[in-house]
Amino acid sequence: MPDLYAVIGNPVSHSKSPLIHSAFAQQTQQSMQYTALLAPIGGFKMTVENFRQQGGKGLNVTVPFKLEAFQLSTRLTERATIAQAVNTLKFDDDEILGDNTDGAGLVCDIELNLSIPIAAKRILLLGAGGAARGVILPLLQKHPALLAVANRTISKAKMLQEQFMMYGNIAAGDFSQFSKEKFDIIINATSASLHNELPGIGPGAFKHAELAYDMMYNLDAYTPFLKFAQQHGARQLADGIGMLVEQAAESFFVWRHVKPQTKPVIAMLKSANKI
Ligand code: ATR
C-alpha cells in the first residue's frame, strides 16, 4: 500500500498540489498517493481525524483552514509558531506536527529560481493578513535593507511591524505612504487578485522595481497587479506558481526526507499556462 497524503481545503478541486506531489513522487520514486480532500466548513478536525484513521501520513492545508491546522497541531516548528498558521501536517503515532513552508517557498523562488538576492534590497510587501504574516520572518532572515508592510487597514500592518521588529528593519503604513518611495522588490500578499482587483498602491513605487511578485496566480492571464506593475516600470514579473511548487517541495521534504527537483515541475505547470 502506498503512503497516503492529501491537500485539504474548501474549495479544493482547483488545487494543483495533487499534480505537483504526484510529479515529485514519480521523480524521487517514493511510494505514495496524493489526493484532494474537501472538508466542510466547521468540519476540518473531523475530516483530518477520518483521514488519519484511514492511515493518512500527512496533509497540506489550504484556505480557509491554516489557523485551525495550527490549533490542531500537538507540536509546532518555529516557523509555524511565528507565522501562526500551518500549511503542512505530519502524523506520527499520536503526534500531529504542524509546519509552515510558505515563506521558505517564496524566498527560494525569488533567490534561486528568479536569481534575485534579497540581501540589502528594499522590499515592499502589500497586505497584512495570513499570507503576509507567513512570509515576513523568512524575508527578514535574508537581511533586506528594509521590509515595508503596506495595508489597506493600517492598524494590521502596524501590528505586524511590532511583532517582527526584533528580526530586522521593518516599517508599516498604508498604500499612499509608500506609493512614491523606491523599492527593488514589490510583493503582493493581499487577496485582491482573487477578486480580480488591484491593491491601491500608486504607480510610482514600481518605477525602479526589478521584480513585481504576486503570490496569487492565474493560469489564463497576468493578475491585475502584475499588469499594473508592468505598465509602470517593473522589470521582471512573477506569479505564485514558483512559490507554490517550492513550498510543496519543502513539505515533501518534511514528510519523506527527500528534496525533489522543482524546476521541471514549475516548467510543466507553466507550459499549461497561457502567459
Ligand atoms: P490571507 O490569508 O489570504 O492573507 P486575509 O487574512 O483575509 O487572507 O487577508 C487578506 C489581505 O488582503 C488583507 O491584508 C486585506 O486588507 P485589509 O486588512 O485591509 O482587509 C487585503 N485585501 C483584500 N482585498 C483587498 C483589496 N481589494 N485591496 C487591497 N487589499 C485587499
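**Figure 1. The two domains of the chain.** In this predicted model, the domain assignment divides the chain into domain 1, residues 3-100 + 243-270, and domain 2, residues 103-239. Domain 1 is thus written as two segments of the sequence, whereas domain 2 is written as one. The centres of the two domains, taken over C-alpha atoms, are separated by 25 Å.

**Figure 2. The interface between domain 1 and domain 2.** Here 14 residues of domain 1 are in contact with 19 residues of domain 2. The two domains bury about 1,300 Å² between them, and 60% of this area lies on carbon and sulfur atoms. On the side of domain 1, the residues that lose the most area to domain 2 are Ile-82, Met-243 and Glu-246, which together account for 46% of what that side buries. Zero salt bridges are found across the interface. Polar contacts are nevertheless present between the two domains, with a count of three residue pairs.

**Figure 3. The side of domain 1 that touches domain 2.** Three elements each give two or more residues to this side: helix 4 (78-83), helix 10 (241-256) and helix 11 (263-271). Helix 10 provides the largest share, five residues. Sorted by class, this side of domain 1 has five nonpolar, four polar and five charged residues.

**Figure 4. The open sheet that contains strands 1 to 6.** Six strands are arranged in the order 2-1-3-5-6-4, and their pairing is mixed. The edges are formed by strand 2 (32-38) and strand 4 (75-76); each has a single partner strand, so one side of each is left without a neighbour in the sheet. Strands of a sheet pair through backbone hydrogen bonds, in either a parallel or an antiparallel sense. One pair in this view is strand 1 (residues 3-9) with strand 3 (residues 56-61), which run in the parallel sense and are joined over five bridges. Within this pair, Ala-6 stands opposite Leu-59 of strand 3.

**Figure 5. The open sheet that contains strands 7 to 12.** This sheet also has six strands, in the order 9-8-7-10-11-12, and its pairing is parallel. Strand 9 (170-173) and strand 12 (237-238) are the edge strands, each pairing on one side only. Strand 12 pairs with strand 11 (residues 211-214) in the parallel sense over two bridges. Tyr-213 has Ala-238, in strand 12, as its bridge partner.

Technical notes:
Residues are numbered from 1 along each chain as its sequence is written. This is a predicted model: local features need pLDDT of at least 70, side-chain atom pairs count only at pLDDT 80 or more; totals for chains, interfaces and linings use all residues. Side-chain values use heavy atoms; hydrogens and water are left out. Domain bounds come from an automatic or database domain assignment. Contact means heavy atoms within 4.5 Å. Buried area is the accessible area (1.4 Å probe) that two parts lose on being put together, summed over both. A salt bridge is a side-chain nitrogen of Lys or Arg within 4 Å of a carboxyl oxygen of Asp or Glu. A polar contact is a pair of N or O atoms within 3.5 Å; within protein, one must be able to donate a hydrogen and the other to accept it, and residues adjacent in sequence count only if both atoms are side-chain atoms. Helices (H or I, at least four residues) and strands (E, at least two) are DSSP runs, numbered from the N terminus. Ala, Val, Leu, Ile, Met, Phe, Trp, Tyr, Cys and Pro count as nonpolar, Asp, Glu, Lys and Arg as charged, and the others, Gly among them, as polar. Two strands pair if DSSP finds at least two bridges between them.
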